[in-house]
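Student: Got a minute to go through a structure with me? I'd like to poke at a few spots.

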Amino acid sequence: MPGEWLVWAVAAALVCGLQLVVVAHHPEPADDEPDACTKPRYAQLARSSGAVGLLVASALLCIPIPSLPLALRPAWVVWASAGLVLVYVDARTTWLPIRASRVTFIALLAGFGLGMAIDPGWWPGLIIRALVGAGLAGGLFFVLWWRSRALGFGDVRLAAMTGALAAAGSVQGWFAALLAGAIASACWGLGTTWWRRRHPSVLGRTFPYGPGLWLGPWLAWAWISLG
């Protein structure tokens, strides 16, 4: 319904704006960290024209949200706003700022809580699936981070949030989101490598894994809906 979409869109824009403020005041990484000297500054990203695009995108991403079960809608609004800003910063810097990750995590918890308050029939299944999904996805990425260090620990945090959101809807959604996220991340990495080879002046040794993880639940939702 158009009226309900507008409510979610306004909420998403407000959360997106709050997240941008957090990013703007986030401390910069130490100079000896990988790619730290070549990354755009957080304040610059949060106050650029891209920030306006994020506000618009977060509102547009809320268009399909009224088609979800009522208990899941607030958490998806968080993913479309705070989560969007978080992975945008990762895409531009290869960093997932810890404070912005915490805001996303807290907002996601609040979204789950609000959803269950609106529709108590989802209690306790939603929270159990979300906790198990977060633990399994976060645990999997923790092992990958610990054994290979090919990922940053921010990706472990984001994977846990991805698992929580995807599993809250269904177990099938969890598997689909992790698979879709892995494929999207691999494509993102190949695209990044191709771009750097064509533009040698673009520095950087790592590529962001976060955008693919964030896309996973959206792709899984589309996949399950169309299937």
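Tutor: Sure, let's take your questions one spot at a time, keeping in mind that this is a predicted model.

Student: Cysteines first. How many disulfides does the structure hold?

Tutor: Zero. Cysteine 16 isn't in one, and its nearest cysteine sulfur, that of cysteine 62, sits 10.0 Å away. A disulfide would need the two sulfur atoms within 2.5 Å.

Student: And is cysteine 16 buried or exposed?

Tutor: Buried, because its relative accessibility is 0% and the cut-off for buried is under 20%. Cysteine 62 is buried too, with a relative accessible area of 0%.

Student: OK, switching to glutamine 19. Where is it?

Tutor: Glutamine 19 is in helix H1.

Student: Buried or exposed, that glutamine 19?

Tutor: Buried, with 0% relative accessible area.

Student: So what does glutamine 19 touch?

Tutor: Leaving out residues up to four places away in sequence, glutamine 19 touches Ala82, Val85, Leu86, Ala100, Val103 and Thr104.

Student: What about proline 40, where does that one go?

Tutor: Proline 40 is in the loop that links helix H1 (2-24) to helix H2 (42-46).

Student: A loop residue, then. Is proline 40 buried or exposed?

Tutor: Buried: its relative accessible area is 16%, and buried means under 20%.

Student: Which residues is proline 40 in contact with?

Tutor: Setting aside neighbours within four places in sequence, proline 40 contacts Glu28, Leu45, Arg92 and Thr93. As for valine 143, which is 103 residues away along the chain, its C-alpha atom is 30 Å from that of proline 40.

Student: Now the surface. Which residues form a nonpolar patch there?

Tutor: Val52, Val56, Leu60 and Ile63 do, and together they have about 360 Å² of accessible area. Leucine 60, one of those four, is in helix H3 (residues 49-60).

Student: How does leucine 60 count, buried or exposed?

Tutor: Neither, actually: leucine 60 is partly exposed because its relative accessibility is 47%, between the 20% and 50% cut-offs.

Student: Last topic, helix H7. What span should its 17 residues have?

Tutor: Helix H7 (residues 153-169) should span 24 Å at 1.5 Å a residue. The C-alpha atoms at its ends are 26 Å apart, which agrees.

Student: And why call H7 largely enclosed?

Tutor: Because 13 of the 17 residues of H7 are buried, the rest of the structure largely encloses it.

Note on methods: Residues are numbered from 1 along each chain as its sequence is written. This is a predicted model: local features need pLDDT of at least 70, side-chain atom pairs count only at pLDDT 80 or more; totals for chains, interfaces and linings use all residues. Side-chain values use heavy atoms; hydrogens and water are left out. Helices (H or I, at least four residues) and strands (E, at least two) are DSSP runs, numbered from the N terminus. Buried means under 20% relative accessible area, exposed over 50%, partly exposed in between (1.4 Å probe, protein chains only). Contact means heavy atoms within 4.5 Å. The expected span of a helix is 1.5 Å times one less than its number of residues. Patches are made of residues with over 30% relative accessible area and no salt bridge: like charges are joined within 9 Å, nonpolar side chains (Val, Leu, Ile, Met, Phe, Trp, Tyr) within 5 Å. Accessible areas come from the Shrake-Rupley method with a 1.4 Å probe; for residues, only the protein chains shown count as cover. A salt bridge is a side-chain nitrogen of Lys or Arg within 4 Å of a carboxyl oxygen of Asp or Glu.
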